[in-house]
Amino acid sequence: MARAGKLDLRVFQQELAARLAAKTAAQVESSRLGLAAAGQQWLIRLADASEVIPMPPLATVPLTRPWFLGVANIRGNLHSVIDFAGFLGHAVVAPHAAGGSSRVVLLGPRAGELRAGIVVPRVTGLRNLAELAPALPPADAPAWYGQRWIDAEGAAWQEIDLTGLARDPEFLQVGL
């Protein structure tokens, strides 16, 4: 005889898995990865980056812009490595030694076929957008700038659209 209040374990597990997946997706969408580069604080969507790795060994490429650091073999695939601060017009801090605090943020699949990564001196961790207030972007902001945010201490955080950055003609033009 079945009890009226009996819980079906399979249904319970499916509902629980659906609720957890929805909550996780919402948390991912409301979180951004914080980066420090060029004396500023930056944010990127977690879905825009495939991973963050320590600085790998690089093979330099002659006749390229100073901010194009070279190519790296990352799990059998060649990735272009760009110094983000240098790309923004700041001095390129060279050399980017393997094992230091610099990290390479690899562009995710949303960037298309481009296999590239930007080097930042420091990753500052996850930021919750609920703890930030929207602000106006700079008037001369490039197209790949996203929303600008202000934290509780008054510090500005500029969101980067990595997909837009990957389509920027200046970013793609590495040769001299």
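**Strand pairing, salt bridges and the largest pocket in a predicted model**

In this predicted model, the bridge partner of A37 in strand 2 is Q40.

Q: Which residue takes a positive phi in the hairpin of strand 1 and strand 2?
A: Strand 1 and strand 2 pair in the antiparallel sense over six bridges. Their hairpin has two residues between the strands. The residue that takes a positive phi there, near 55°, is A38.

Q: Which residue in strand 2 stands opposite G34?
A: Strand 1 and strand 2 are antiparallel, with six bridges. Within strand 2, the residue opposite G34 is L43.

Q: Which residue of strand 8 is the bridge partner of A36?
A: Strand 1 is also joined to strand 8, through six bridges, and the two run antiparallel. The partner of A36 in strand 8 is R122.

Q: How many residues of strand 1 are buried?
A: On one side of strand 1, S31, L33, L35 and A37 are buried. On the other side, R32, G34 and A36 are buried as well, and both faces are thus covered. The strand is mostly covered, and the number of its residues that are buried is seven of seven.

Q: Which strands are the edge strands of the open sheet of six strands?
A: This sheet has mixed pairing and the order 8-1-2-11-10-9. An edge strand here pairs on one side only. The two that do so are strand 8 (122-128) and strand 9 (133-135).

Q: By how many degrees are neighbouring strands of the six-stranded sheet turned against each other on average?
A: The strands follow one another in the order 8-1-2-11-10-9. With direction ignored, the average angle between neighbours is 35°.

Q: Why is one side of strand 3 and of strand 4 left without a neighbour in the sheet?
A: Five strands form an open sheet with mixed pairing, in the order 3-6-7-5-4. The twist from one strand to the next averages 30°. Strand 3 and strand 4 (68-74) stand at the edges, so the reason for the free side is that each has a single partner strand.

Q: Which residue in strand 7 stands opposite I82?
A: Strand 5 and strand 7 run parallel and are joined by four bridges. The residue of strand 7 that stands opposite I82 is I118.

Q: Which residue forms a salt bridge with R32?
A: The closest N and O atoms of the pair are 2.9 Å apart, which lies within the 4 Å limit for a salt bridge. R32 belongs to strand 1 (residues 31-37), and its partner lies in strand 11 (residues 156-160), 127 residues apart from it. Both residues of the pair are buried. The partner of R32 is E159.

Q: Is R45, which meets E159 in a salt bridge, buried or partly exposed?
A: The side chains of E159 and R45 meet at 3.8 Å, N to O. The pair links strand 11 with strand 2 (residues 40-45), and the two residues are 114 apart. E159 has a relative accessible area of 6% and is buried. R45 has 27% relative accessibility, and because buried means under 20% and exposed over 50%, R45 counts as partly exposed.

Q: Which residues are joined into one network by salt bridges that share partners?
A: E159 forms a salt bridge with R32. E159 also meets R45 in a salt bridge. The network joined through shared partners consists of R32, R45 and E159.

Q: How many residues apart in sequence are the parts tied together by R110 and D48?
A: The side chains of R110 and D48 meet in a salt bridge of 3.2 Å, N to O. R110 is partly exposed at 45% relative accessibility, whereas D48 is buried at 3%. R110 lies in the loop between strand 6 (103-107) and strand 7 (116-120), and D48 in the loop between strand 2 and strand 3 (49-54), so the parts tied together are apart by 62 residues.

Q: How many charged residues are in the lining of the largest pocket?
A: The largest pocket has a volume of about 170 Å³. Its lining comprises 14 residues, with S50, N77, H79, L107 and R115 nearest the centre. Strand 3, strand 5 (77-83) and strand 6 each give two or more residues to this lining. By class, the lining has five nonpolar and five polar residues, and the number of charged residues is four.

Key. Residues numbered from 1 in each chain as written. Predicted model: local features only at pLDDT ≥ 70, side-chain atom pairs only at ≥ 80, totals over all residues. Heavy atoms only, no water. Buried < 20%, exposed > 50% of the residue type's maximum accessible area, 1.4 Å probe, protein only. 1 Å grid on protein atoms, 1.4 Å probe; cavity = no way out; pocket = protein on both sides within 12 Å on 5 of 7 lines; lining within 4 Å. Points joined across faces, edges and corners; volume = space filled by probe spheres on them. Nonpolar A, V, L, I, M, F, W, Y, C, P; charged D, E, K, R; others polar. Pairing = 2+ DSSP bridges. Axes fitted to C-alpha atoms, helices over the stretch in contact; angles between N-to-C directions.
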